[in-house]
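Here are a few exercises to work through with the model open in your viewer. Try each task before you read its solution.

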Amino acid sequence: MGDESVQQFLTQLATERGASIYTQRNYQQVLGEFCHWFETERQHPPSWPKLERDDFRSYLRFLGRSGLSRAAIQLRFSALRSFYKFLIRRGGVEASPIKNILLPKPEKRLPKFLTVEQMAALLHAPVRELAELQKNSERPIDPGPFLRDVAILETIYSCGLRVSELCGLRAEDIQWREQVVRVRGKGRKERLVPIGKHALLAIENYWRALPTQPVAAAPVFLSHSKKGKPIYPRLVQARLKRYLEIAGLDPQITPHTLRHSYATHLLDAGADLRSVQELLGHAHLVTTQIYTHVTTDRLKRAYDEAHPRA
C-alpha cells in the first residue's frame, strides 16, 4: 500500500500502541480494501482530508451488498475510525467524517466453552497419546513435546490466557512462590494472574525434559526443544486440534475456547464479574458480561433446590 498516511498509521500501531500482529494485519487489510474500493468507484486514490460522510455511507452500502456479517462491517469501520483519530492527532484532518454513521448492530454470539469434564479429558489427551506411542513403538519416544503440550493446556486453562499472551510468556514472568504470572496483554498492558499448582507442576515436568532449563527472558514454551525459539499460535492450534480429536471433542475448537471455558467455569462457581474482568484483562466490563449466560443454569439449580415453591 503506497499511501504515506496509512503507512505512518500502521507503523504507529506497531511501535507506540503495541498492537498485536493480528490487529496490524487486520487494519492493513481493511485500509487496503477501502482504498481499492474508492479507486474503483472514483478513479483516483482517496484524499483523506477531503472525504465526506457520504463517501463512507456509500462504502457501508457496498459492504452490505457484499454479504459481509455485521461483525465484519463493524471491524472495518473500527479500523477506519482509529485511522481518522490518528489523522486528527497529527493535524491531518479537523474532524472525522465517520462520526455518527449508524452501523448495523453486531449479532449477539455466545462464546463456546467446554464443560469441566470435557476440559479434564482434553488436559489428559497428550499423556494418553504419549502412552499409546510408547506402547506401540519399538524406538524411544521423546516425551518433551507432549509434556510441553500438557503444560500449555494447563496454563491456558489455569490463567485464561490469549494464545498470543501464552506464546509471549518468559521464564522470569513466573513467580513460583506467589503462584502468579505476569502477562503482557493487548496494547502492552501488563497484569498479574494467579496460576494453579497443576499448571506449575506441568511446567516443571516439561522443563526437566529440556536440555537446559529456561531462565530470565527465555520463552516458557519452546517450538522445538533444541532451537530456543518460542512456540507460535499456529503450532498451538495444530497441537490442540490433535488432542481434541483424541478426547473426542470438536476439532474446530480454538485456543480461545479454552479462555472462554476458564471464564465460564469461574463465573459458574460463583466468581464476581469484576474479578473475572481483571483476570481476563478486559478493558471494559461489557466485554466480560457476555459470559454471564452461564450463571443461569447455576441460578436455576439454586432456585430449584432452595425455593419452597420451585
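**Exercise 1: ring pairs**

Count the aromatic pairs in this predicted model, then classify the pair formed by Phe-9 and Phe-86.

Solution. Start with the total: the ring search comes to 19 aromatic pairs. Now take Phe-9 and Phe-86, whose centres are 5.5 Å apart with 55 degrees between the planes. Stacked needs under 30 degrees and edge-to-face needs over 60, so an angle that fits neither makes a pair tilted. The Phe-9/Phe-86 pair is therefore tilted.

Next, place the two rings in the chain. Phe-9 belongs to helix α1 (residues 4-15) and Phe-86 to helix α4 (residues 70-89), so this pair links distant parts of the chain, 77 residues apart. Finally, check accessibility, where buried means under 20%. Phe-9 has 0% relative accessibility, so that ring counts as buried. Phe-86 has 1%, so buried is the verdict here as well.

Now do the same for Tyr-206 and Phe-221: find the distance between their centres and the angle between their planes.

Solution. The centres are 6.2 Å apart and the planes 20 degrees apart, which makes the pair stacked. As for location, Tyr-206 is in helix α8 (residues 197-208), while Phe-221 is in the loop between α8 and α9 (233-246). The two are 15 residues apart, and their pairing links distant parts of the chain. Both Tyr-206 and Phe-221 are buried.

**Exercise 2: salt bridges**

Find how many salt bridges the whole structure has, then work out which helices Glu-33 and Arg-76 tie together.

Solution. The search turns up 13 salt bridges. In the one between Glu-33 and Arg-76, the closest N and O atoms are 3.1 Å apart. Glu-33 sits in helix α2 (residues 21-42) and Arg-76 in helix α4, so this bridge ties together parts 43 residues apart in sequence. Then compare burial: Glu-33, at 28% relative accessibility, is partly exposed, whereas Arg-76, at 11%, is buried.

Helix α2 has another bridge to look at: say where the partners Asp-55 and Arg-42 lie.

Solution. Their side chains meet at 2.8 Å, N to O. Asp-55 is in helix α3 (residues 53-65) and Arg-42 in helix α2, so the bridge ties together parts 13 residues apart in sequence. Asp-55 is buried at 13%, and Arg-42 is partly exposed at 29%.

For a last bridge, decide whether Arg-191 and Glu-165 are buried or exposed.

Solution. The side chains of Arg-191 and Glu-165 meet at 2.9 Å, N to O. Arg-191 comes from strand β3 (residues 190-194) and Glu-165 from helix α7 (residues 163-167), 26 residues apart. With 11% relative accessibility, Arg-191 counts as buried, and Glu-165, with 3%, is buried too. While you're on charges, have a look at Asp-173, Arg-182, Arg-184 and Glu-190, which are linked in a salt-bridge network.

**Exercise 3: helix against helix**

Describe how helix α6 (residues 144-159) packs against α9.

Solution. Two packed helices are described by the angle between their axes and the distance between the axes. For α6 and α9, that's about 95 degrees and 11 Å. Angles from 65 to 115 degrees count as roughly perpendicular, so α6 is roughly perpendicular to α9.

Then list who touches whom. Residues of α6 including Phe-146, Ile-152 and Leu-153 meet residues of α9, among them Leu-235, Arg-239 and Tyr-243. One last detail: Arg-239 lies over the face of Phe-146, at 5.6 Å from the ring centre.

Key:
Residues numbered from 1 in each chain as written. Predicted model: local features only at pLDDT ≥ 70, side-chain atom pairs only at ≥ 80, totals over all residues. Heavy atoms only, no water. Phe/Tyr/Trp six-rings, centres within 6.5 Å; stacked < 30°, edge-to-face > 60°. Helix = DSSP H or I, 4+ residues; strand = E, 2+ residues; numbered from the N terminus. Buried < 20%, exposed > 50% of the residue type's maximum accessible area, 1.4 Å probe, protein only. Lys NZ or Arg CZ within 6 Å of the ring centre and 35° of its normal. Salt bridge = Lys/Arg side-chain N within 4 Å of Asp/Glu carboxyl O. Axes fitted to C-alpha atoms, helices over the stretch in contact; angles between N-to-C directions. Parallel < 35°, antiparallel > 145°, perpendicular 65-115°, else oblique. Contact = heavy atoms within 4.5 Å.
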